[in-house]
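Me: Could you take me through one part of this model up close? I'm new to it, so please explain the terms as you go.

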Amino acid sequence: MRIATALLMASTAMAAMPAFAQEAAPVPSAADAAAEGANIIVFGRGETRQVQEIQAQDIVTLTPGTNPLKAIEKLPSVNFQSADPFGNYEWSQRVTIRSFSQNQLGFTFDGIPLGDMSYGNHNGLHITRAISSENIGSVRVSQGAGSIGTQATNALGGTIEHFSADPADYLTGGALAGQGNLTYGSDESWRGFARLALGSRDGIRGYVSYAYGSTDKYKGNGTQDQHMGNAKVVIPVGDVTVDGWLSYSDRREQDYQDMSMSMIRRLGWDWDNTYPDYARAIDYASRLNDVDRVSNSGGSPFPDGRYDYSGALVSGGQVYPGNVTSADDAYYDAAGLRKDWLGALGIAAPLGERASFKLKGYYHHNKGMGLWATPYVPSPNGVPMSVRTTEYEMDRIGVFGSVDFALGIQNFTVGGWYENNEFNQARRFYAFASRTEPGLSFRDYPKNPFATQWEFDFTTDTIQYHVQDRIDLGMVKIDLGWKGFKVTNEADAVVQASFPEGRIKAEDWFQPHAGFAVELSQNAEVFGGFTQATRAFASATTTGPFSTNQTGFDAIKGRLKPEASDTYELGLRYHDGIFNGVIGAYLVNFRNRLLAVQVGSPIQGFASALQNVGNVRAIGVEAAGTLALGGGFSLYGSYSYTDSTYRDDVVDDSGAVTPIKGRTVVDSPKHIARGEISYDHEGAFGRIGVNYMSRRYYTYTNDQSVPGRVIVDASVGYHFNENLELQLNATNLLDKRYVSTIGSGGFGNSGDAQTLLVGAPSQFFATLKAGF
């Protein structure tokens, strides 16, 4: 470690000038492009860490409107889950890499930070609300701690960077180009997309697009839909390039019922919320013991700012019909509503002959809410349930930039990023109209709450910088550098409750990165490296340090350590005209793991308990490759083995021990394998892929798990000419019954829990694409 630090300091001391900037995705040379050919998966040639890039050609073969994260699930160590066939249902979306969870990964779009893309929406937005899938140019995955210049303060275990397509990509035929897609499929799925590109390939150019998609839920009743508008412009001014981006999204989705393994066995795979059967929901809610549900003579459902109920069954034991055993088995309805505006303006310019400069500013506004029909809090008019919301409003403004400077065999990059995030979060309750009519829709934002349980304003200020030196010795390339940040989180109560106020910060000004790539021959190279990363705290009452109570926060704010990881990688890449692939191994030591223990069911909304609970070690092997068979056929395969285990038992403040040392990390399958055969020749194309994942645990003691599964997807199509195409897609072709998402309601120490979501059955879609 001392040697690595000395090398870092020595190399950066040679810099001729300081600067600030972002690290851009490298542009392959003509020789690299020739070697890669028309491959749609690029295996990071010349990189000093494990990295792959999915090209637009791979994304557009999925059903239009599909989450781009679904395209990267074929890459090694990537575990993506969603309960819907498009991968867009946000409550169910989860992506893990090398056993690191989603909130421990970094996400960006054209360099703009997306936060952890969590459903709680406290520091960003999901990529599916930032850009339509048809406008994505590439997706870049770093399975390790990611590139040093990524705008992310939570990238312990990898980064996923999305890049929009250049308008020039759509102007192959002249100054005007248009495209329209129309998709129809299972469960009354409709999607339309239209894009108009204007300008010249080398001059001012841009495009605008609009997309609307709607699908019925594949079980139960309800609809999930989205309006999306995108606009991009690129303006060359001599050697300077100015680019702008603007997008709008309005997404509304009705939820599926969270399940447990017990519920699946008792109620079946197709069990769901009772909507639109309002009478049945009223019946279930009425069967709760009124005394246990609300015990407050003052009439407020929130004595001392919290719920006061046990959720016990009425006197006399089980009284629910059929196999239903509690009101949690089926709620009336639930939904997620999100509206987002995202805008950015950037500039790139040379600084003399040896330097270049990039700067981009951005603004993001979000307003939304998550709704749940809760049987635990009645409406004031006597209806035995109400609508519980978690409401969000966010304004983020930021800027990031970089300067690259070449000096002989060295290329220096110095960059910086600043963001101010003003985030408001509230928990409110709205009344149903009567016992016979709901009087409100989960498709719309409700009005006139009868109670606000809590409301907080959060302010998060982020300052990050990075320094990197790439040394090119011909056959050997060396990367040396570091990043640092300070993130300050502050919470101020608007409506006080049991959640805390106060300030906490995470600060780590030196997180070293070092790596090498050695060219063994024209076709082969070996790479390796070390990365240290730290994760900042989250600002929300539903996650992070502010999800506990005031006493708990005051106790931890001065001693809570941010999570950190050390990643070691070593690998080999090979590429020629027939085969391109990579094999690698890694070791990750994860320190200061933070555990927020879910108290009660998620709908109850109790404060959680947060503490540092020790370390995790992950050891793994990854391999992936593509093989050109000739005649338009090609093969792709990937495999990853991950052994990720807790290194310490958990001891709470009372001294109670939860024995998890040596247990496998939750939602961390040991084996993931993907295989795919593709065909593309003389207008006809097709693909069939097989996706295997082994057992996953959803308790820390590993006493509960979901079994492994194999999912098969397929697509076929035909290009009638350059302007007309028909595409057919099938997801879960063999109609496998399986659990997709685990941990939707959090993870517990032991025992079955209502924290699973069932995967979608077979779905079929047809798309007609036309252009001019």
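**A ring pair and the strands beside it**

Reply: Let's start with two residues, F100 and F590: both are buried, meaning that they have under 20% relative accessible area, where over 50% would be exposed and anything in between partly exposed (1.4 Å probe, protein chains only). Keep in mind that this is a predicted model, where local features need pLDDT of at least 70 and side-chain atom pairs count only at pLDDT 80 or more, while totals for chains, interfaces and linings use all residues. Residues are numbered from 1 along each chain as its sequence is written, and side-chain values use heavy atoms, leaving out hydrogens and water.

Now for the rings. Rings of Phe, Tyr and Trp (its six-membered ring) pair if their centres lie within 6.5 Å; planes under 30 degrees apart are stacked, over 60 edge-to-face, and the rest tilted. That rule gives 34 aromatic pairs. In one of them, the ring centres of F100 and F590 are 5.4 Å apart and the planes are at 55 degrees, so this pair is tilted. F100 lies in the loop between β4 (94-97) and β5 (106-109), while F590 lies in strand β23, so the pair ties together parts 490 residues apart in sequence. Strands here are DSSP runs of E, at least two residues, numbered from the N terminus.

Let's follow β23 outwards. Strand β23 (residues 579-591) runs antiparallel to strand β26 (residues 616-630), and twelve bridges join them; two strands pair if DSSP finds at least two bridges between them. Along this pairing, I583 stands opposite A623 in β26. Next, β26 pairs with strand β27 (residues 633-646), again in the antiparallel sense, over 14 bridges. Here T626 has Y636 in β27 as its bridge partner. The hairpin of β26 and β27 has two residues between the strands, and G631 takes a positive phi near 65 degrees there.

These two strands also lead us to the surface. A nonpolar patch there has about 1000 Å² of accessible area together, and its members include Y574, F579, L627, L629, F633 and L635. Patch residues have over 30% relative accessible area and no salt bridge, with nonpolar side chains (Val, Leu, Ile, Met, Phe, Trp, Tyr) joined within 5 Å and like charges within 9 Å. A salt bridge is a side-chain nitrogen of Lys or Arg within 4 Å of a carboxyl oxygen of Asp or Glu. Both β26 and β27 supply at least two patch residues. As for Y574, this residue sits in strand β22 (residues 564-575) and is partly exposed, at 33% relative accessible area.

Definitions and conventions. Helices (H or I, at least four residues) and strands (E, at least two) are DSSP runs, numbered from the N terminus. Accessible areas come from the Shrake-Rupley method with a 1.4 Å probe; for residues, only the protein chains shown count as cover.
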